[in-house]
Amino acid sequence: MLRFGILSTAKIGRELVVPAIQDAENCVVTAIASRDLAKARAMADRFSVPHAFGSYEEMLASDLIDAVYIPLPTSQHVEWTIKAADAGKHVLCEKPIALRASEIETLIAARDRNKVLISEAYMVTYAPVWRKVRELLREGAIGRLRHVQGAFTYFNRDPGNMRNIPALGGGGLPDIGVYPTITTRFATGKEPIRVQAATERDPDFGTDIYSSVRADFGDFELSFYISTQLAARQVMVFHGDKGFIEVKSPFNADRYGAEEVELTNQNHSQSQLFRFQDSRQYKLEAEAFARAAQGEPEEVVTLESSINTQKFIDAIYRASDRDGWEAV
């Protein structure tokens with residue numbers, strides 16, 4: 001069993017990732033760390049975790065854990081990923097793992113010198129829904145792919161929420177713009193060449209709250225919009241000359257709709273619905289990470305892939321400040 005320590009008592013850990021690790025077949029949470037020992041102890045008791053630490057450093061120095069899950073504010077991801085790697089721990093870090101592609105180079109260096117696994121926590125890449133989309137595209141189920149269309153929106157104007165605080169790495173593109181990006185790259189195996197974009201910022205927070213993006217992948221285009229101040233919506237559609245694939249709840253499986261992939265043929269005379277009941281993508285992520293950390297052959301999100309995702313996001317920001325195409 002790979003023994004995880006959880007670096008902070010953040011909501012995503014409490015509600016999604018810690019329960020998933022505890023349900024996994026090959027890993028377990030053995031420690032919770034917080035700068036407030038009482039909070040760490042309370043969360044540890046909630047999940048029957050045996051150890052609680054009142055500092056991150058103390059947990060990293062412990063031999064009670066083999067790996068660390070990091071759900072800290074985005075602005076702290078690089079710092080604590082490096083500290084965990086230097087302590088000899090494998091690292092599963094929440095997305096985005098960095099705010100600039102250049103920062104990921106330092107993570108690769110930390111990974112290589114410590115011979116540990118560092119992976120960005122894109123749970124979507126472990127979901128049966130996205131494995132099915134990739135399979136259908138590889139089989140040529142929709143013929144020649146010409147266009148991918150996506151949207152990811154929610155409404156949040158809480159001034160205390162980290163997504164609305166620039167100093168903590170807030171903003172729509174780091175939070176949700178990465179999802180149409182990573183899923184398109186994952187499903188197609190292709191990388192963007194250039195991008196056009198328009199971005200709006202909140203006048204009070206200063207964070208980006210809306211982006212409309214057009215990206216050239218060479219063989220096809222990706223267009224998507226994201227917003228942190230629109231009614232909640234998620235969709236991804238892959239359109240080819242012989243049909244199209246629609247992913248019903250592409251990112252937050254079963255929270256924005258059913259976990260379904262629908263394949264429709266060219267003239268709408270036939271459709272196939274692939275349904276995945278309670279796929280537990282966070283559990284699948286934890287199990288895959290544990291296998292990879294223990295040296296088993298397993299497909300996980302590499303830092304090299306993370307660099308390419310972040311290069312795309314960096315290019316969107318640059319393109320938003322000018323007319324025309326921006327190279328990725």
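This passage walks through the strands, helices and side-chain contacts of the structure shown above. The model is predicted rather than determined by experiment, and that holds for everything described here.

A good place to start is the open sheet. Six strands build it, lined up as β3-β2-β1-β4-β5-β6, and they pair in the parallel sense. The edges belong to β3 (51–53) and β6 (118–121): each has a single partner strand, so one side of each has no neighbour in the sheet. On average, and ignoring direction, neighbouring strands here are turned by 25° against each other. As for what holds such an arrangement together, strands of a sheet pair through backbone hydrogen bonds, in either a parallel or an antiparallel way.

At the β3 edge, the partner is strand β2 (residues 27–33), and the two pair in parallel over 3 bridges. Within that pairing, A33 sits opposite F53 of β3. A helix also comes into play at this spot: α2 (residues 37–46) lies across both β2 and β3, and its direction makes an angle of about 160° with β3.

Further along the chain there is a hairpin. Its strands, β13 (residues 260–265) and β14 (residues 271–275), pair in the antiparallel sense over 5 bridges. E260 has R275 in β14 as its bridge partner. Between the two strands of the hairpin lie 5 residues, and H268 takes a positive phi near 65°.

Then come the salt bridges, of which the whole structure holds 26. One of them joins D66 to R3, with the closest N and O atoms 2.9 Å apart. This is a link between distant parts of the chain, as the two residues are 63 residues apart: D66 is in the loop between α3 (56–60) and β4 (67–70), while R3 belongs to strand β1 (residues 2–7). Neither end is fully tucked away or fully out in the open: D66 has a relative accessible area of 24%, so it counts as partly exposed, and R3 is partly exposed as well, at 28%.

D202 and R157 form another such pair, their side chains meeting at 2.9 Å from N to O. D202 lies in the loop between β8 (194–201) and β9 (208–216), and R157 in the loop between β7 (145–155) and α7 (172–188), so the salt bridge ties together parts that are 45 residues apart in sequence. How buried or exposed are the two ends? D202 has a relative accessibility of 3% and is therefore buried, whereas R157, at 34%, is partly exposed. Salt bridges can also share partners, and in this way K95, R163 and D175 are joined into one network. R100 and E103 make a salt bridge too, at 2.8 Å from N to O; R100 is partly exposed, with a relative accessible area of 46%.

Q234 offers a look at a buried polar side chain. The residue is part of strand β11 (residues 229–240), and its relative accessible area is 6%, under the 20% cut-off, so Q234 counts as buried. What does the side chain of Q234 reach at 3.1 Å? The answer is the backbone nitrogen of F251. Next to F251 in the numbering comes N252, whose side chain is joined to that of Q234 by a polar contact of 2.7 Å. Leaving aside residues up to four places away in sequence, Q234 touches A151, F152, K248, S249, P250, F251, N252 and Y256.

The last stop is the region around α8 and α9. Q294 is found in the loop between α8 (281–293) and α9, and it is partly exposed, with a relative accessible area of 38%. Which residues does Q294 touch, not counting those up to four places away in sequence? They are M1, L2 and N26. Q294 and L117 are 177 residues apart along the chain, yet their C-alpha atoms are separated by 9.3 Å.

Helix α9 itself (residues 303–320) has 18 residues and spans 26 Å from its first C-alpha to its last, close to the 26 Å expected at 1.5 Å a residue. Its buried residues include L303, I307, F312, I313 and I316, along with polar ones such as S305, T309, Q310 and D314.

Key:
Residues are numbered from 1 along each chain as its sequence is written. This is a predicted model: local features need pLDDT of at least 70, side-chain atom pairs count only at pLDDT 80 or more; totals for chains, interfaces and linings use all residues. Side-chain values use heavy atoms; hydrogens and water are left out. A salt bridge is a side-chain nitrogen of Lys or Arg within 4 Å of a carboxyl oxygen of Asp or Glu. Helices (H or I, at least four residues) and strands (E, at least two) are DSSP runs, numbered from the N terminus. Buried means under 20% relative accessible area, exposed over 50%, partly exposed in between (1.4 Å probe, protein chains only). A polar contact is a pair of N or O atoms within 3.5 Å; within protein, one must be able to donate a hydrogen and the other to accept it, and residues adjacent in sequence count only if both atoms are side-chain atoms. Contact means heavy atoms within 4.5 Å. Two strands pair if DSSP finds at least two bridges between them. Axes are lines fitted to C-alpha atoms, for helices over the stretch in contact, and angles run from 0 to 180 degrees between N-to-C directions. The expected span of a helix is 1.5 Å times one less than its number of residues.
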